[in-house]
2 protein chains.
Amino acid sequence: MPSIPYPTVHPPTRVLMGPGPSVMEPSVLNAMGRPTLGHLDPAFLEIMDEVRVMLRAVFRTDNDLTMPMSGTGSAGMETVLVNLIEPGDRVLVGICGVFGQRMAEVASRAGAEVVKVEGEWGRALDPDALRKVGGSFKALCLVHGETSTGVLQPMEEMRGIADELGALLIMDCVTSLAGVRVEIDSWGVDAAYSGTQKCLSCPPGLAPITLSPRAQHVLSQRKAKVASWYLDLTLIGSYWGEERAYHHTAPINAIYGLHEALRVVLEEGLEQRWARHAAVSQHLYEGLGAQGLELRVPREERLAPLTAVAVPEGVADARVRAALLKDHDLEIGGGLGPMKDNTWRIGLMGAGATKAHAELCLSGLRSVLG
Amino acid sequence: MPSIPYPTVHPPTRVLMGPGPSVMEPSVLNAMGRPTLGHLDPAFLEIMDEVRVMLRAVFRTDNDLTMPMSGTGSAGMETVLVNLIEPGDRVLVGICGVFGQRMAEVASRAGAEVVKVEGEWGRALDPDALRKVGGSFKALCLVHGETSTGVLQPMEEMRGIADELGALLIMDCVTSLAGVRVEIDSWGVDAAYSGTQKCLSCPPGLAPITLSPRAQHVLSQRKAKVASWYLDLTLIGSYWGEERAYHHTAPINAIYGLHEALRVVLEEGLEQRWARHAAVSQHLYEGLGAQGLELRVPREERLAPLTAVAVPEGVADARVRAALLKDHDLEIGGGLGPMKDNTWRIGLMGAGATKAHAELCLSGLRSVLG
């Protein structure tokens, strides 16, 4: 028998400046510790309704079907794709990082015939590359904030392209929501998903999603049942909607946390919050430049909440990150795919998007790089 | 614009004595509020390892593939079924309640040819009914503690029956784990799943699962990819295993909570905990009997953590539950399926399995029933 039970966990306090989880709002952690309610308690149903109203405000949408799924951001991706795609559907996916690749993989497992438009990692996709594919598609899938590269994909043109393809417009806004401008309705996005652990500064565990009336119509016209029972929006939508039909037991305390996180976002104001993220990232860029560090992404394509930095020639990526963690209790992220071992990802998200955090990271890097 | 943001949530303190979520361990809620770590932080990887070791102890198994999935109990069900079943597989499902029905539905969406053996709601299944189906099956699926009826399905004979059918033995132990005897290895169960919000007294949000080496072998021999990327054990097993390959961002704080919940269970001792649940339910049975209330399940088939009570003739189910909630801050559950409107479900689970809770419920019922 091993020496169990182990003692209670007392995790070290880290400053989370990687690709997420981010620096948490203390009031969110407090909210998550409040008394658990039953999932059909009238007091909880009211909290659910408030969460939906606030989520719509943060997504900038009137979409009725707007709610958090009971899983992390990737469950949000899977929810949108398995509900809207049926076997044999043609799906066009824009890829210039891990999360574009993941959308293609998830769509393919949902039975889609996936057509990929691949771009350079560290750059946004050229809309013309999408446009010239031509033909007809069920959905056009794009990543707004590519967490693996720190690139922001401009979305304004995409509705027009989706229309040319006859496609639903599906958007990953895991790392962009509440950190940079996201406009579901005015951009004409049909379905989007996010996560709680980025610019919402909430622990991971929920995936906010939103579907336009058009996407809801597509869902209602499905021929085949959704392959996933757990993520089936025709079922879970009834619990979050008027009917309150029991589906699964909602993660009550996580939803308290999301409620508080959304509250904090709206109290600050979305425009102010986006401006703060932009200003603080600017401060970081300048400081990194002053240390002679180079950024991976051209200025106009940068995702403010997440900055990709080139590891200088001759510097061992892993050693630097380990030293930051060990000596400074500071977490930054490494690279993925072609950026593995040669890129750092620095997050300035939500509660962590402050000048003080940027300074902390700059001084940590200065001290470790010597 | 509605009057948002809303104020911070301050949920009322309810005594949760329905089918779950249950009365929470205060130390679990505390643990969930501790500082969030990155999902690849060495300190978090250590916590994950401790969770796996403690989960194995609670499941009574040596299974390597034992871990919490990032979703609620139903995500656990879906994980086990979509990973082990391929399109066209024959699956035998024992059904005498909602969760047996759900297993059949999820297996069917995974492409299985489902054969159902249905029994009376409120009774355990007769093993002979399973045995006499005959033929060959990929899996035999059974519910150990049927949350919709409060029935405990004896499992000792089931390995033999599964062997006659050439089947993997799959078990739902959402409401039984840590409340009554569960013996994954000595019962020869190949795959099982549970939830955190029942006898573990932890908020909903995670689904502990365990797979035997035989089930792992079946998984490794799949011809088709698992339809769900999010729940694909060949991928997520690499994150929880040696490789630490990034899959999705684990729900860090929820895992702190599970760590603490498992710690509390093992500190008490499993045998002691089972005995406590048995003794307290006995106390409840006697008190209900003294009030002239009848139980739905014969004594020897009762699931100690959850008691199904017949709503007396002429009494309005919903009115009683609403009054308990409103005047006593006490939640008990209503019935489902054929037990809707005519059955109450009273949970005595985990931290809520005390004589004081049984008394509280008895006195609440006494006062409301008049």
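Select chain A of this predicted model and colour by secondary structure: 13 helices and 14 strands appear. The radius of gyration of chain A is 21 Å, close to the 21 Å that the globule rule gives for 370 residues, so the chain is as compact as a globular protein of that length.

With the C-alpha trace of chain A displayed, orient the view along the principal axes, where the trace spans about 60 × 55 × 50 Å. Next, colour by burial: 59% of the 370 residues of chain A count as buried. A contact map of chain A is a useful companion panel, since among contacts with a separation of 6 or more, 73% join residues 24 or more positions apart.

Then split chain A into its two parts. Select residues 15–21 together with 270–369 for domain 1, and residues 26–266 for domain 2. A distance drawn between the C-alpha centres of domain 1 and domain 2 of chain A comes to 26 Å.

Now turn to the boundary. Here 25 residues of domain 1 of chain A are in contact with 27 residues of domain 2 of chain A. Which elements give two or more residues to the domain 1 side of chain A that touches domain 2? Select α11 (270–290) and β11 (306–310) of chain A to see them. Of the elements on that side, α11(A) gives the most, with 4 residues.

Finally, colour the side of domain 1 of chain A that touches domain 2 of chain A by residue class: 15 residues there are nonpolar, 5 are polar and 5 are charged.

Terms used:
Residues are numbered from 1 along each chain as its sequence is written. Chains are lettered from A and ligands numbered from 1 in the order in which they are written. This is a predicted model: local features need pLDDT of at least 70, side-chain atom pairs count only at pLDDT 80 or more; totals for chains, interfaces and linings use all residues. The radius of gyration is taken over C-alpha atoms; the globule rule is 2.2 Å times the number of residues to the power 0.38. A residue is buried if 20 or more other C-beta atoms lie within 10 Å of its own, exposed if 12 or fewer, and partly exposed in between; C-beta atoms are placed from the backbone. Two residues are in contact if their C-beta atoms, placed from the backbone, lie within 7 Å. Domain bounds come from an automatic or database domain assignment. Ala, Val, Leu, Ile, Met, Phe, Trp, Tyr, Cys and Pro count as nonpolar, Asp, Glu, Lys and Arg as charged, and the others, Gly among them, as polar.
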